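Me: Could you pick one part of this protein and walk me through it slowly? I'm new to this, so please explain the terms as you go and then show me how that part fits into the rest.

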Amino acid sequence: GSAGAGPRSGGQYGGGRGFIAGGWYNSFKDYIEYITISTTGNGTSFGNLTGGSRTGTGSVSNASGDRNVIACGATGGSYNSFLKNSEQWTGSSTGNTTSFGDMLTNRYNLCSVDDGSGDIGLFGFSGQTGSTASNKTGHQSDYNYHNTVEKITISSAGNAVWWGGVRDGGLGYGTSRWGYSATGNMSNGSRGLVASGYILPEGDY
């Protein structure tokens, strides 16, 4: 199952290894580290994100854990550029990522789940959107939000396709001044859960 990304870095399970990719600490990061889940210890360097430093991503892996995909996120001096490209890496080895494809939407603080025993990865459910946020003041109500869901086939590199959307409280589908961001997510292989976060324009959590 997937361990989705938070607003700082992307986390992903892959065949006994856990991966932490990207993030922000005084600057945007492009490195990937891994841990061996069955033991305790510090992270070990794995490689780098070749598609750029980023934070607030989504990530999935396939049944064998041998292909991991990270997508979207924000970069730039003030989180002022939202990304839609996706990258992949082989979990059983070490090295840098290679290009996987593009998502349909530039998005930050999105969610992601996979179907565990299968080959489907879903991205979206929430998140701040737009190709740029350079005209924003930094207040969360300045952003547009997107609650659609996009699908990839993890074993086959390519662009995402539209899968569906989430609907709650009469928000409807698509881009809106209303929406969720920074939500939590998990899956058990057959059911994905998305919860919490904040909703605009009221700023509720």
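**Starting from one strand pair**

Reply: Ile32 stands opposite Gly47 in β4. That's our way in. Before we go on: this is a predicted model, where local features need pLDDT of at least 70, side-chain atom pairs count only at pLDDT 80 or more, and totals for chains, interfaces and linings use all residues. Residues are numbered from 1 along each chain as its sequence is written, and side-chain values use heavy atoms, with hydrogens and water left out.

Back to the strands. Strands here are DSSP runs of E with at least two residues, helices are runs of H or I with at least four, and both are numbered from the N terminus. Two strands pair if DSSP finds at least two bridges between them. Strand β4 covers residues 44-48, and 4 bridges join it to β3, with the two running antiparallel. On β3 (residues 31-36) there are also 5 bridges to β2 (residues 17-21), again antiparallel. In that pairing, Phe19 stands opposite Tyr34.

Between β2 and β3 there's a loop, and Asn26 sits in it. Asn26 has a positive phi, near 70°, and isn't a glycine. That's worth a second look because most residues other than glycine have a negative phi. Asn26 counts as exposed because its relative accessibility is 62%. (Buried means under 20% relative accessible area, exposed over 50%, partly exposed in between, with a 1.4 Å probe and protein chains only.)

Now follow Ile32 to a residue it touches. Thr97 is in the loop between β7 (81-90) and β8 (98-102). Leaving out residues up to four places away in sequence, Thr97 touches Ile32, Asn48, Leu49, Thr50, Gly51, Glu87, Gln88 and Trp89. A contact means heavy atoms within 4.5 Å. Is Thr97 buried or exposed? Buried, because its relative accessibility is 3%. A polar atom of its side chain lies 2.9 Å from the backbone nitrogen of Thr50. The term for such a pair is a polar contact: N or O atoms within 3.5 Å, where, within protein, one must be able to donate a hydrogen and the other to accept it, and residues adjacent in sequence count only if both atoms are side-chain atoms.

Two of the residues that touch Thr97, Leu49 and Trp89, lead us to a nonpolar core. A nonpolar core is a set of buried Ala, Val, Leu, Ile, Met, Phe, Trp, Tyr and Cys residues joined through side-chain atoms within 4.5 Å. The largest one has 11 residues, including Val60, Val69, Phe100, Phe123, Ile152 and Ile154. Apart from it lies another core, of 8 residues, and Phe19, Phe46, Leu49 and Trp89 are among them. In soluble globular proteins, nonpolar side chains tend to be buried together.

For the largest core, strand β6 (residues 67-75) gives the most, with 3 residues. Val69 touches, among others, Val60, Phe100, Phe123, Ile152 and Ile154, and also Glu87 and Gln88. Those last two touch Thr97 as well.

Phe123 falls within β11 (residues 120-124), where 4 of 5 residues are buried. On one side of the pairing, β10 (residues 111-114) and β11 are antiparallel over 4 bridges, and Asp114 has Gly121 as its bridge partner. These two strands form a hairpin with 5 residues between them, and Gly116 in the turn has a positive phi of about 65°. There are also 5 bridges from β11 to β14 (residues 148-153), antiparallel too, with Leu122 opposite Lys151.

Stepping back, the chain has 0 helices and 20 strands, and 46% of its 205 residues count as buried.

How far should you trust it? Mean pLDDT, the predictor's confidence in each residue from 0 to 100, is 76, and 67% of residues reach 70 or more. Over residues 132-141 it stays under 50, and the model has 16 contacts beyond four places in sequence for them. Residues 169-178 are below 50 too, with 32 contacts beyond near neighbours in sequence.
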